[in-house]
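User: Could you take me through the surroundings of the ligand in this structure? I am new to this, so please go step by step.

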Amino acid sequence: MSTTASQAITGPGRAGATDAADDGNVYIRPAATAPALAFQNVSLVFENGTHALDGIDIDIRPGEFVSLVGPSGCGKSTLLRLAAGFDKPTAGAVAAATSKLGYVFQEATLLPWRSVLRNVELPAELSGVDKATRRAAARDAIERVGLSGFENHKPAQLSGGMRMRTSIARALTVAPELFLFDEPFGALDEITRQRLNEEVSGLYRRSGFTGVFVTHSVAEAVFMSTRVVVLTGRPGRVAADIPVPLDFPRTPELRYTPEFGAIAATVSAALHDAERTDITPTGRAA
Ligand code: ADP
């Protein structure tokens with residue numbers, strides 16, 4: 001089927017942006033109105049008195065890929081848990097436009113006695129999806145993360161990167177519209193991490209989900225994102241909101257371009273400023 005330049009598509013990239021597709025046409029993305037995920041003046045104080053987040057306002061548009069970076073303990077994971085509805089804010093509101101959520105944790109969190117295939121099909125199995133349907137969805141997801149041929153392996157037989165791919169495949173089986181990543185690649189070696197950054201970026205580009213990615217790595221954040229939000233030390237506040245107007249697909253060479261370096265420098269500078277925020281014993285930023 002041929003397509004025209006005026007045909008609107010939804011997918012990765014900022015609303016209203018253009019994207020040169022593989023077929024040579026340029027597609028215009030519609031300017032979306034409702035956010036896919038919104039944090040409105042969100043504060044959170046845990047029961048033990050820890051003030052984790054303070055007055056967070058972030059609007060994430062459909063199709064954006066937003067990385068959250070900030071000092072350790074500034075509330076990045078807490079923000080993801082709020083986005084998924086696992087926690088509730090003490091003040092303010094969190095609104096997600098979809099309940100089709102993918103969530104990838106810092107650990108792959110696989111069941112050691114189940115094979116790759118049986119781990120990936122677990123969410124569908126728990127939801128009562130019939131065996132043939134869930135097997136087909138699991139095999140498709142396994143193929144999309146490059147693990148075909150490893151369906152019958154147990155987690156202990158896999159490398160750390162392969163375990164994380166399995167975890168991503170498991171999340172893909174629900175066809176997530178909002179995909180939340182809680183620093184999934186922090187424990188991997190640098191080369192494996194870069195490969196997985198390229199693959200997640202490819203999945204994002206092809207699938208069109210909205211992505212929120214927690215990381216400590218500036219390079220990882222810039223490589224995958226359309227936007228990087230930098231948080232201050234605890235209690236986390238938004239310190240900077242930096243667009244990443246780099247084209248897709250994001251290829252390995254991108255890391256060596258001046259454009260990439262300039263954005264990474266901006267994010268690093270914002271992160272250094274954010275890390276200078278002192279934390280008092282009450283958890284209040286000085
Ligand atoms: P980050 O992901 O940025 O490292 P977290 O969101 O994990 O930070 O945690 C933010 C702060 O809240 C930290 O000081 C952490 O110790 C604290 N915290 C996280 N979860 C809880 C909890 N359930 N109860 C009390 N304090 C918590």
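Analyst: Here is a walk around the ligand, followed by a short look at the aromatic rings. Keep in mind that this is a predicted model.

Let's start with the neighbours. The ligand is surrounded by 14 residues, and the closest are Gly 73, Gly 75, Lys 76, Ser 77 and Thr 78. Sorted by class, this shell holds seven polar, four nonpolar and three charged residues. Helix α1, which spans residues 76–84, gives the most to the shell, with four residues.

Now for some individual contacts. In the side chain of Thr 78, an N or O atom is 2.5 Å from an oxygen atom of the ligand. Gly 73 takes part through its backbone: a polar atom there is 2.8 Å from a ligand oxygen. Arg 234 has a polar side-chain atom 3.0 Å from an oxygen atom of the ligand. On its own, the ligand has 570 Å² of accessible area, and the protein covers 65% of that.

Next, the rings. The whole structure contains twelve aromatic pairs. In one of them, the centres of the Tyr 103 and Phe 105 rings are 4.6 Å apart and the planes meet at 35°, so this pair is tilted. Tyr 103 counts as buried because its relative accessibility is 13%, under the 20% limit. Phe 105, at 34%, is partly exposed.

Ring pairs also join Phe 65, Phe 179, Phe 181, Phe 185, Tyr 204, Phe 209, Phe 213 and Phe 248 into a cluster. Over the ring of Phe 248 sits the charged end of Arg 250, 4.0 Å from the ring centre.

How values were computed:
Residues numbered from 1 in each chain as written. Predicted model: local features only at pLDDT ≥ 70, side-chain atom pairs only at ≥ 80, totals over all residues. Heavy atoms only, no water. Phe/Tyr/Trp six-rings, centres within 6.5 Å; stacked < 30°, edge-to-face > 60°. Buried < 20%, exposed > 50% of the residue type's maximum accessible area, 1.4 Å probe, protein only. Lys NZ or Arg CZ within 6 Å of the ring centre and 35° of its normal. Near = heavy atom within 4 Å. Polar contact = N/O pair within 3.5 Å; in protein donor to acceptor, adjacent residues only side chain to side chain. Areas by Shrake-Rupley, 256 points an atom, 1.4 Å probe, with all protein chains shown as cover. Helix = DSSP H or I, 4+ residues; strand = E, 2+ residues; numbered from the N terminus. Nonpolar A, V, L, I, M, F, W, Y, C, P; charged D, E, K, R; others polar.
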